[in-house]
Amino acid sequence: MEKKRVGILISGRGSNMQALIRAAEKPEYPAQIVGVISNRADAEGLVFAERAGIPTSVIPVKQFADRIAADRAMTSQFEAWEVDIICLAGFMRVLTPEFTTHWLGRSINIHPSLLPKFKGLDTHQRALEAGENKHGCTVHFVVPELDAGPIIGQAEVPVLDDDDAPTLAARVLVEEHKLYPEALRKLALGQVSLA
Ligand code: GRF
């Protein structure tokens with residue numbers, strides 16, 4: 001089996017990135033993680049990736065003329081790593097249409113809500129304020145419109161009476177770490193595609 005080569009984009013903690021790296025360490029997993037790019041030099045996830053022996057690169061927008069130039073630098077780096085698939089894992093910057101179109105069908109994101117509900121930020125607080133009794137996470141293809149691409153998989157959790165945003169986020173995160181490796185497995189095996 002030829003493993004798909006996967007690049008990951010992070011901005012911070014990188015716990016979903018860690019879940020992908022751990023899954024990809026298994027011999028039977030159909031993808032390998034070949035590089036991690038962060039837009040922030042202080043992203044904690046970089047330390048884990050480096051310890052795991054994975055190449056990393058920091059590409060902050062402020063070192064470039066604009067977002068288009070920064071995204072081109074990211075594409076160049078991913079292409080240098082011969083990446084087949086990109087996983088966004090807590091990447092907190094909006095990507096340019098040029099980037100998302102270039103990687104269309106080959107890039108996926110994890111979002112902490114049951115899309116199409118609660119696109120954007122503060123999803124857990126907004127789910128609580130809306131009185132939802134279930135919440136969760138979604139892995140979807142990345143398209144130019146934010147958090148709008150076709151869904152690959154979702155996982156649900158209950159919202160409990162005494163939840164606040166942190167307790168709800170923690171319950172969702174447990175599911176994210178299972179859902180994301182499963183979704184990447186499906187894409188790597190060609191079981192899902194962007195129609
Ligand atoms: C996760 O909740 C993810 O769904 C969202 O941002 C958070 C990133 O967490 N996009 P981590 O960096 O993967 O720990």
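Okay, so let's start with the aromatic rings: Phe78, Trp81, Phe99 and Trp103 are linked into a cluster by ring pairs. Keep in mind that this is a predicted model. How many aromatic pairs are there by the rule used here? The count comes to three. Let me show you one of them. Phenylalanine 78 and tryptophan 103 have ring centres 6.1 Å apart and planes at 80°, so we call that pair edge-to-face. The cut-off you need for that is over 60 degrees between the planes.

Now look at where those two rings sit. Phenylalanine 78 is in helix α3, while tryptophan 103 is in the loop between α4 (97–102) and β5, so the pair ties together parts that are 25 residues apart in sequence. And are they buried or exposed? Phenylalanine 78 has a relative accessible area of 0%, so it's buried. Tryptophan 103 also comes out at 0%, so that one is buried too.

Right, follow α3 for a moment, because it takes us to the sheet. Helix α3 covers residues 67–80 and lies across β1, β2, β3 and β4, running at about 150° to β1.

So what does the sheet look like? You've got seven strands forming an open sheet with mixed pairing, and the order is β3-β2-β1-β4-β5-β6-β7. On the edges are β3 (56–58) and β7 (151–158), and each of those pairs on one side only. Going from one strand to the next, the twist averages 20°.

Let's walk along the β7 end. Strand β6, residues 134–141, runs antiparallel to β7, and seven bridges join the two. If you want to find that on screen, valine 139 stands opposite glycine 153 in β7. Another place to look is cysteine 137, whose bridge partner in β7 is alanine 155. On the other side, β5 and β6 are also antiparallel, joined by four bridges. There, histidine 111 stands opposite threonine 138 in β6. And β6 is mostly covered, with seven of its eight residues buried. One general thing to remember as you look: side chains in a regular strand alternate between the two faces of the sheet.

Next up, helix α1. This one is residues 15–24, and it packs on the sheet, touching β1 (4–10), β2 (31–38), β4 (85–88) and β5 (107–111). Its direction makes about 155° with that of β2.

How many of the ten residues in α1 are buried? Nine, so you can call the helix mostly covered. The buried ones include Met17, Leu20 and Ile21, and also Ser15, Asn16 and Gln18. What's doing the covering? Strands β1, β2, β4 and β5 are part of it, and so are α2 (45–51) and α6 (165–188).

That last helix is worth a closer look. Helices α1 and α6 pack at an angle of about 45°, with their axes 9 Å apart. That makes α1 oblique to α6. The crossing of the two is right-handed. And which residues meet there? From α1 it's Ser15, Asn16, Ala19, Leu20 and Ala23, and across from them in α6 are Leu173, Glu176, His177, Tyr180, Pro181 and Leu184. Ser15, Asn16, Ala19, Leu20 and Ala23 are also among the buried residues of α1.

Okay, that's my tour, thanks for listening!

Notes:
Residues numbered from 1 in each chain as written. Predicted model: local features only at pLDDT ≥ 70, side-chain atom pairs only at ≥ 80, totals over all residues. Heavy atoms only, no water. Pairing = 2+ DSSP bridges. Axes fitted to C-alpha atoms, helices over the stretch in contact; angles between N-to-C directions. Contact = heavy atoms within 4.5 Å. Buried < 20%, exposed > 50% of the residue type's maximum accessible area, 1.4 Å probe, protein only. Phe/Tyr/Trp six-rings, centres within 6.5 Å; stacked < 30°, edge-to-face > 60°. Parallel < 35°, antiparallel > 145°, perpendicular 65-115°, else oblique. Left-handed = near helix turned anticlockwise from the far one by under 90°.
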